[in-house]
Amino acid sequence: MNEQITGALFKQMVLHGAAVITAHKQAINDLNVFPVPDGDTGTNMSMTIGTAVTELRKSSPATVEQAASVTASALLRGARGNSGVILSLLFRGLSKGLKGMESADAPAFAAAMQEGVSAAYKAVMKPAEGTVLTVSRLAAKRAAEVAAEEKDVEKVLEEAIREGREALAQTTEMNPVLKKAGVVDAGGKGYLLILEGMLAELRGEPMPQQDEESAPEKEKADFQAMNVEDITFAFDTVFIVRKATSDISLEPLRTYLNSIGDSLVIGEDDEAFKVHVHTNIPGNALNEAQKYGTLELAKIENMRTQAEDLAAGKHVQSTDDLDAVEQSLEEGAGQPEEDVHTVAAPEKPYGFLAVCAGEGLEAVFRDLGADGVVSGGQTMNPSTESLLKGVDAIPAETVFILPNNSNIIMAAQQCSALTEKKVVVIPTKTVPQGITAMMNVDFEAPDAQTITDAMTEALSTVTTAQITYAARNSDFDGFDIKEGDYLALEEGKLFGTDSSLDTLLQKLAEDAASRGSSFISLYFGEDVTEEDAQKAAQVFENTCPDAEVAVLPGGQPVYYYIISME
């Protein structure tokens with residue numbers, strides 16, 4: 001029996017909940033009705049709560065308020081996709097409800113759950129029932145009812161989950177799309193899995209072990225895929241310096257090391273700092289670092305000779321006795337330079353941040369005036385923290401975000417509360433919409449509202465189609481879809497499916513012709529050759545003889561983005 005949730009216990013409950021949803025994330029992904037490869041619910045929720053795991057493991061919360069606050073803050077910044085954002089909101093409200101508490105009894109925890117539901121409903125512009133919102137609301141309501149008579153937090157959470165399961169079963173009937181597919185809401189299922197993990201911790205049950213497939217891969221150099229001539233900076237250099245004083249600034253050292261190498265990582269605490277850098281002059285790096293304290297340990301490896309040895313089938317020489325130092329550095333002692341979060345001072349009134357995947361599309365957005373690009377989109381939704389870093393790095397007072405995916409809009413909207421800059425989210429749901437919006441920016445506009453209006457109005461002037469593939473078998477909207485089939489989407493809705501790519505291209509071309517499209521642009525993806533892209537363009541040129549057709553490399557993970565304008 002547990003009558004109080006302490007800070008230490010809350011921490012373990014969240015860790016247990018995260019382990020449970022991570023173990024079942026693929027089963028959650030499989031509940032997604034739309035068969036498009038996307039930032040699926042299980043993946044997004046698992047990665048979102050995974051950020052809280054990272055922060056909680058670094059802390060020893062003395063109170064339940066501290067534990068909940070650390071969790072909520074991490075989730076807010078790590079939120080990915082709509083499901084991840086809603087999960088972060090549920091925990092943000094929970095944290096608000098536990099504010100000022102050393103520990104939480106059953107009524108307090110139940111009330112905090114209701115605060116979480118309230119925060120989620122307030123943040124969603126058009127709350128839809130038959131979703132995680134319904135499940136969380138009814139679960140919290142039941143928790144409050146039981147807590148009015150029951151002191152055991154375990155019993156309260158148990159009843160909340162039981163009610164949540166009943167509500168989850170009803171989501172199939174409440175949502176027509178779910179009913180047709182015969183599945184329950186994926187977000188609601190994911191939330192209940194987290195609660196079940198938290199309950200399991202209260203009961204003293206063992207935490208699920210990550211299997212090798214779900215465990216994150218350790219990044220390491222693939223020398224077999226690396227040509228010696230591709231190695232710009234030869235020496236992989238890692239060292240530790242004991243600081244001369246605890247408050248010494250390492251920014252001048254960071255600037256110097258960046259000037260003589262790359263892949264820089266500096267991690268520090270009050271007493272020492274660790275450096276990882278690739279450079280051709282490691283001695284200079286060590287000499288410069290000694291201006292800040294006493295050199296304690298160093299490791300230098302020649303990556304060129306390692307690559308040559310591996311290519312020749314020889315044993316690769318390595319300072320194995322110092323691997324633990326490097327591993328510690330890689331696993332969180334510092335951040336790569338490109339991941340350091342800096343806030344640029346405003347030098348101009350307006351800036352623009354776009355989300356896309358592929359070098360070609362990134363170049364398009366930058367050519368149109370975007371100041372920054374965050375990598376992500378259909379197959380991987382960036383976190384709020386990634387978007388926030390992009391916003392803060394732009395030297396502008398007002399930053400416009402183009403999410404270019406409906407599953408990223410909510411994460412982008414969370415940035416407003418995390419930065420001093422004014423953030424305006426243009427609700428672009430596709431990359432072509434984002435391109436069209438940028439084409440309609442007046443960089444000399446008198447105010448932000450004028451730009452907002454012009455970009456938003458432009459979205460209705462373009463029709464977006466894309467061709468991708470089915471990530472899973474599905475019976476959707478009258479289509480019997482098999483995993484691996486080609487899918488054509490138009491304005492986010494399923495247009496057609498076929499085992500033949502050419503058939504879908506022809507159908508989309510005929511549709512463009514029926515709408516009288518005068519401009520058609522094809523952005524071809526990473527798996528499409530330019531020759532095949534030109535053949536696809538020929539289909540549109542033959543079917544729409546009055547239209548101007550352009551072919552451009554996008555480099556995105558889907559086969560084609562197709563923009564047609566009337």
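Modeller: Let's start with a working rule: two strands are said to pair if DSSP finds at least two bridges between them. Please keep in mind that we are looking at a predicted model.

Colleague: Happy to! What makes strand E6 and E8 a pair?

Modeller: The requirement is at least two bridges, and strand E6 (residues 348-356) shares six with E8, in the parallel sense; therefore the two count as paired. You can find examples on screen: tyrosine 350 stands opposite threonine 398 in E8, and lysine 348 faces alanine 396 in E8.

Colleague: And how do you know that E8 and strand E9 pair?

Modeller: By the same reasoning: four bridges link E8 and strand E9 (residues 422-425) in the parallel sense, and the rule asks for at least two, so this is a pair as well. Valine 399, for instance, has valine 423 in E9 as its bridge partner.

Colleague: What is the order of the strands in the open sheet?

Modeller: The four strands run E7-E6-E8-E9, with parallel pairing. Strand E7 (372-375) and E9 each have a single partner strand, so they stand at the edges with one side lacking a neighbour in the sheet. From one strand to the next, the twist averages 25°.

Colleague: Why is strand E8 called largely enclosed?

Modeller: Six of the seven residues of E8 (residues 396-402) are buried, so the rest of the structure largely encloses this strand. Helix H19 (residues 448-458) also lies across E6, E8 and E9, and runs at about 10° to E8.

Colleague: Now to tyrosine 292: is this residue buried or exposed, and how do you know?

Modeller: Its relative accessible area is 10%, and buried means under 20%, so tyrosine 292 is buried. The residue sits in the loop between helix H12 (282-289) and strand E4 (293-302). Among the residues that tyrosine 292 touches are Val241, Arg242, Leu250, Pro252 and Phe273. Leucine 250 is 42 residues away along the chain, yet the two C-alpha atoms are separated by 7.9 Å.

Colleague: One last item, helix H8: how does its reach from first C-alpha to last compare with what is expected?

Modeller: H8 (residues 153-174) has 22 residues and reaches 30 Å, close to the expected 32 Å. At its start, a side-chain oxygen of aspartate 152 comes within 3.0 Å of the backbone nitrogen of glutamate 154. The cut-off for a polar contact is 3.5 Å, so this distance falls inside it. Buried residues of H8 include Val153, Leu157, Gly164 and Thr172, and their cover includes helix H1 (7-23) and helix H10 (186-202).

Note on methods: Residues are numbered from 1 along each chain as its sequence is written. This is a predicted model: local features need pLDDT of at least 70, side-chain atom pairs count only at pLDDT 80 or more; totals for chains, interfaces and linings use all residues. Side-chain values use heavy atoms; hydrogens and water are left out. The expected span of a helix is 1.5 Å times one less than its number of residues. Buried means under 20% relative accessible area, exposed over 50%, partly exposed in between (1.4 Å probe, protein chains only). Contact means heavy atoms within 4.5 Å. A polar contact is a pair of N or O atoms within 3.5 Å; within protein, one must be able to donate a hydrogen and the other to accept it, and residues adjacent in sequence count only if both atoms are side-chain atoms. Axes are lines fitted to C-alpha atoms, for helices over the stretch in contact, and angles run from 0 to 180 degrees between N-to-C directions. Lists of a residue's contacts leave out its neighbours within four places in sequence.
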